[in-house]
Amino acid sequence: MNPNKALWEKGDFTRLANTMRGSGEALVASLGVKPGMKVLDLGCGDGTTAIPEAQAGADVLGVDIASNLVAAGNRRAQEAGLQNIRFQEGDASGLTGLQDKTFDLVVSIFGAMFAPKPFDVAKEMVRVTRAGGRIVMGNWIPNDPTLVAQILKISSAYSPPPPEGFVSPMLWGVEKEVAARFAAAGIPAASVSFARDTFVFNYSGPPAGFVDEFRNYYGLTMNAFDAAEKNGKAVDLQRELVDLFTRQNTSKTATSIPATFLRVTVAV
Ligand SMILES: C[S@@+](CC[C@H](N)C(=O)[O-])C[C@H]1O[C@@H](n2cnc3c(N)ncnc32)[C@H](O)[C@@H]1O
């Protein structure tokens with residue numbers, strides 16, 4: 001059993017993805033996607049960015065390790081009447097079956113950052129991008145005060161320590177680390193640029209209801225609650241998360257929470 005795959009097939013990430021659609025569309029609008037462009041969306045989930053890329057006319061392949069999310073993506077594409085997008089299972093650490101220099105644009109928004117073996121991930125993204133193409137990653141930033149970094153920080157305090165040799169996905173949010181990974185894949189530092197960007201999570205209920213979505217459907221938070229329950233600490237974890245979500249909510253009538261991420265652009 002692959003623990004990386006099991007984590008993302010747990011629960012139902014589409015419940016959280018539903019709160020991120022507006023930001024996914026806005027991000028794609030900033031990418032300059034043109035009809036006929038060949039785009040790989042890596043760690044695509046159910047297509048928060050992949051579907052808008054196809055709607056902009058690109059020829060899109062969505063690759064994700066979770067079979068339930070691949071199925072959800074293909075369903076959403078069909079419902080949207082899109083013929084120019086296909087979702088398939090694959091691992092960002094080893095893109096078996098994808099040819100060298102295939103894509104004009106490789107996009108990975110909070111996706112490839114969660115794959116193990118980050119140096120292999122950088123190498124694979126570079127390998128499948130054509131010369132003159134681009135890679136755009138969105139990566140959460142360790143210790144950032146905004147929502148996602150804080151959820152991960154709080155959750156990890158209630159979870160068992162990771163196995164030896166585990167490399168934190170959050171290191172993809174550290175510029176020096178990212179540059180080193182792409183340098184090892186043959187990309188000079190001058191070809192890698194960084195910017196801060198924002199995704200906004202919009203949920204129709206109150207902040208505590210949004211915490212429940214994470215508790216019931218987001219693998220990482222589900223695991224943290226499982227561990228906290230065993231230690232009699234689930235109430236503390238719930239309280240910490242509700243406090244966090246309430247503090248960061250900018251809506252008076254529902255839940256709207258911005259979160260900062262590192263946007264990485266690589267010219268190949
Ligand atoms: C936070 S979700 C983001 C999904 C999507 N990009 C979005 O913005 O909604 C992380 C995604 O990365 C996928 N993922 C995790 N590890 C992966 C790997 N090794 N290879 C490919 N996808 C992976 C998960 O299955 C999940 O769909």
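**View 1. The lining of the second largest pocket mixes five nonpolar, three polar and three charged residues.** Welcome to a predicted model, starting with one of its open spaces. The second largest pocket holds a volume of about 160 Å³. Which residues line the second largest pocket? They are Lys 38, Val 39, Asp 59, Val 60, Leu 61, Arg 86, Gly 97, Leu 98, Gln 99, Thr 102 and Phe 103. Strand S1 (38-42) and strand S2 (59-64) each bring at least two residues to this lining. The biggest share comes from S2, with three residues.

**View 2. The largest pocket has a volume of about 1100 Å³.** Here 37 residues form the lining of the largest pocket. If you would like landmarks for its centre, look for Leu 7, Pro 162, Phe 166, Pro 169 and Leu 220, the lining residues that lie nearest to it. Three helices each supply at least two residues of this lining: helix H1 (3-9), helix H7 (147-158) and helix H10 (219-230). Sorted by class, the lining of the largest pocket has 23 nonpolar, nine polar and five charged residues.

**View 3. One cavity of 30 Å³ or more turns up when the whole structure is searched.** How much space lies in the largest cavity? The answer is about 520 Å³. Its lining counts 35 residues, and those nearest the centre of the largest cavity are Trp 8, Gly 43, Ile 109, Phe 110 and Gly 111. Two or more lining residues come from each of H1, helix H2 (14-17), S1, S2, H7 and strand S6 (192-203). Among the elements, H7 gives the most to this lining, with three residues. By class, the lining of the largest cavity divides into 24 nonpolar, seven polar and four charged residues.

**View 4. The ligand takes up the space of the largest cavity.** Let us now bring the ligand into the picture. Around the ligand stand 19 residues, and the closest are Asn 4, Gly 43, Asp 64, Ala 92 and Ile 109. What classes make up the shell around the ligand? This shell has eleven nonpolar, six polar and two charged residues. Gly 43 and Ile 109, listed here among the closest residues to the ligand, are also among the lining residues nearest the centre of the largest cavity.

**View 5. Polar atoms of the ligand meet Gly 43, Gly 45 and Asp 64.** Zoom in on the polar atoms for this last view. A nitrogen atom of the ligand sits 2.8 Å from a polar backbone atom of Gly 43. At Gly 45, a polar backbone atom is 3.5 Å from an oxygen atom of the ligand. Where Asp 64 comes in, the partner belongs to the side chain: an N or O atom there is 2.6 Å from an oxygen atom of the ligand. How much of the ligand does the protein bury? Taken alone, the ligand exposes 590 Å², and the protein buries 99% of that area.

Technical notes
Residues are numbered from 1 along each chain as its sequence is written. This is a predicted model: local features need pLDDT of at least 70, side-chain atom pairs count only at pLDDT 80 or more; totals for chains, interfaces and linings use all residues. Side-chain values use heavy atoms; hydrogens and water are left out. On a 1 Å grid over the protein atoms alone, a cavity is a set of points where a 1.4 Å probe fits but cannot get out, and a pocket is an open set with protein on both sides within 12 Å along at least five of seven lines; lining residues have an atom within 4 Å of a point. Grid points are joined across faces, edges and corners, and a volume is the space filled by probe spheres set on the points. Helices (H or I, at least four residues) and strands (E, at least two) are DSSP runs, numbered from the N terminus. Ala, Val, Leu, Ile, Met, Phe, Trp, Tyr, Cys and Pro count as nonpolar, Asp, Glu, Lys and Arg as charged, and the others, Gly among them, as polar. A residue is near a molecule or strand if one of its heavy atoms lies within 4 Å of it. A polar contact is a pair of N or O atoms within 3.5 Å; within protein, one must be able to donate a hydrogen and the other to accept it, and residues adjacent in sequence count only if both atoms are side-chain atoms. Accessible areas come from the Shrake-Rupley method with a 1.4 Å probe; for residues, only the protein chains shown count as cover. A molecule sits in a cavity or pocket if more than half of its atoms lie within 2 Å of its grid points.
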